[in-house]
Amino acid sequence: MADRVRMRIYGLMGERFLNRALQECVFMARVRRINRRCLEIDASMRNAKRLTALAEKYRLKWEICGRRGPAALANWAKRRCTLPAAFLTAAVLSALFLSRVWKIDVRTVGNAPLPAGVQEALAEAGVFVGAYGPGIDTSLAEYQLCALPGCAYASVVRKGAWVVAEVAGESAPPQLYALDAPRDLVAARDGVVLSVNVKSGTALVKPGDTVRRGQVLISGSERVSKEETRGVAALGSVTARIWFTAQGEAPLCRREMRYTGRESTSTCLKLMGLEAPLTQGEDFPLSIQSQEELDVGGLFLPLHILRTHQKEYRWETVAEDPQALRASLADALLAQCQGEMESAALENAEIIDKWTDFSMIIEESIRARAVLEVSAEIAVSRGNLEEQSFWKEIR
């Protein structure tokens, strides 16, 4: 690749300058006139020097627009000799900065509280802000965290300048079932008993019995002998058939506004809060209006034409589709029953059947009653029943 210089010569007698350069055997690869006073010349490095000397001799203004070739590359490298040193310095500083730990993220796994002394254990294992990252022993940090009282699991991972520590606390042990603590199992809802399974205690109901909410299903007592009984914690399950119902009513007709096709337009002249009517349209008892402002005056005369459009509407009674109304009403009521079943939070709840009954109370409306039949376990302790009643009252 040959050296090439692009330069510009400024003067009124450009042709005479070019003729003089040709007489002195200056080779020019390309000459282009920019305007009446400017010539753009492409030449080699040697010929460019001769052109600049010739321009200096005739006191013409000149400038170098660009360079290409090995000489230009060498000149660029010479002017930026500190660039490699800058890159090297930046790389060294980045390596030193990123090799340190600048953030420690402690995350809690699970619902158990975080054990005390996590930060101290990490610092003792060499994990602290400013520590040398490659020298961190994550296994030692995990061992120190697992040794904390109340820690069930720990994981320490280094991610660049971050250290992520995941700690899981120990959950509280479940309460043991005390067989000798007397208690009864009562019905959580009204229903018809389908099956009874007693593990401890005495069953007071049998399949086919109708029970009410709060009725004792399994008594917390067992017969030791013919004359003696002892109190125990009743344990077992009672599956019953229960129902969720919802009622609703929907009108067979609805009133809606319909466009009659009649319109009117009124215009008035508006100037600084004053209005002068130009044309007056017809007023409708029921209409929808829209206004439009047209500028007439300028900055010093804020004159506008206010145009008001009116569209006439009237109320009409529209009959609903009975089949579609029945379907939508049934879906809404069954969804309400489904929501009540889910909010009851019954164990092993399973839908057995569902249906909807319709009745015409008056000619203008239809009433529906939806029923959701479910089989579920209804035996709960009396304390759980009272807790359910408390939350139901709050809601």
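In the predicted model, Arg 258 is partly exposed, with a relative accessible area of 38%. The side chain of Arg 258 meets that of Glu 316 in a salt bridge, with an N to O distance of 3.4 Å. This contact joins distant parts of the chain, since Arg 258 belongs to strand β16 and Glu 316 to strand β19, 58 residues apart. By the criterion applied, the model holds 20 salt bridges.

Strand β16 supplies further partners. Arg 262 and Glu 282 form a salt bridge through their side chains at 2.7 Å, N to O. Arg 262 is located in strand β16 and Glu 282 in the loop between β17 and β18 (287–295), so this pair ties together parts of the chain that are 20 residues apart in sequence. Both ends of the contact are partly exposed: the relative accessible area is 38% for Arg 262 and 42% for Glu 282. A salt bridge is also made by the side chains of Lys 270 and Glu 293, at 3.6 Å from N to O. Here the link runs between strand β16, which holds Lys 270, and strand β18, which holds Glu 293, with 23 residues separating the two. Glu 293 has a relative accessible area of 44% and is partly exposed; Lys 270, at 24% relative accessibility, falls in the partly exposed class as well, because buried residues are those under 20%.

Aromatic contacts were examined next. The count of aromatic pairs comes to one. In this pair, the ring centres of Tyr 259 and Tyr 313 are 5.6 Å apart and the ring planes stand at 45°, so the arrangement is classed as tilted. The classification follows because planes under 30 degrees apart count as stacked and those over 60 as edge-to-face. Tyr 259 lies in strand β16 (residues 253–271) and Tyr 313 in strand β19 (residues 303–319), and the pair thus links parts of the chain 54 residues apart. Tyr 259 is partly exposed, with a relative accessible area of 38%. The ring of Tyr 259 also carries the charged end of Lys 311 over it, 6.0 Å from the ring centre. A second contact between a charge and a ring involves Arg 326, which is placed over the face of Phe 358 at 5.0 Å from the ring centre.

Strand pairing around β16 was then considered. Strands β16 and β17 run antiparallel and are joined by five bridges. Within this pairing, Leu 271 is set opposite Leu 274 of β17. The two strands form a hairpin with two residues between them, and Met 272 in the turn has a positive phi of about 50°. None of the six residues of strand β17 (residues 274–279) is buried, so this strand lies largely in the open.

Another hairpin is built from β6 and β7, again with two residues between the strands; in its turn, Gly 160 adopts a positive phi of about 70°. Eight bridges hold strand β6 (residues 151–159) and strand β7 (residues 162–169) in antiparallel pairing. One of the bridge partners is Glu 166 in β7, which faces Ser 155.

An open sheet of four strands was also identified, with the order β10-β12-β8-β22 and antiparallel pairing. Strands β10 (202–203) and β22 (379–381) occupy the edges and have a single partner strand each, so one side of each is left without a neighbour in the sheet. The pairing of β10 with strand β12 (residues 216–219) is antiparallel and comprises two bridges. Thr 202 is found opposite Ser 219 in β12.

Two further features concern charged and nonpolar groups elsewhere in the chain. A network of salt bridges links Arg 6, Arg 8, Arg 30, Arg 32, Glu 40 and Asp 42. A nonpolar surface patch of about 400 Å² is formed by Leu 88, Val 92, Leu 93 and Leu 96. Of these residues, Leu 88 belongs to helix α4 (residues 83–98) and is exposed, with a relative accessible area of 55%.

Key:
Residues are numbered from 1 along each chain as its sequence is written. This is a predicted model: local features need pLDDT of at least 70, side-chain atom pairs count only at pLDDT 80 or more; totals for chains, interfaces and linings use all residues. Side-chain values use heavy atoms; hydrogens and water are left out. Rings of Phe, Tyr and Trp (its six-membered ring) pair if their centres lie within 6.5 Å; planes under 30 degrees apart count as stacked, over 60 as edge-to-face and the rest as tilted. Buried means under 20% relative accessible area, exposed over 50%, partly exposed in between (1.4 Å probe, protein chains only). A charge sits over a ring if NZ of Lys or CZ of Arg is within 6 Å of the ring centre and within 35 degrees of the ring normal. Two strands pair if DSSP finds at least two bridges between them. Patches are made of residues with over 30% relative accessible area and no salt bridge: like charges are joined within 9 Å, nonpolar side chains (Val, Leu, Ile, Met, Phe, Trp, Tyr) within 5 Å. Accessible areas come from the Shrake-Rupley method with a 1.4 Å probe; for residues, only the protein chains shown count as cover. A salt bridge is a side-chain nitrogen of Lys or Arg within 4 Å of a carboxyl oxygen of Asp or Glu.
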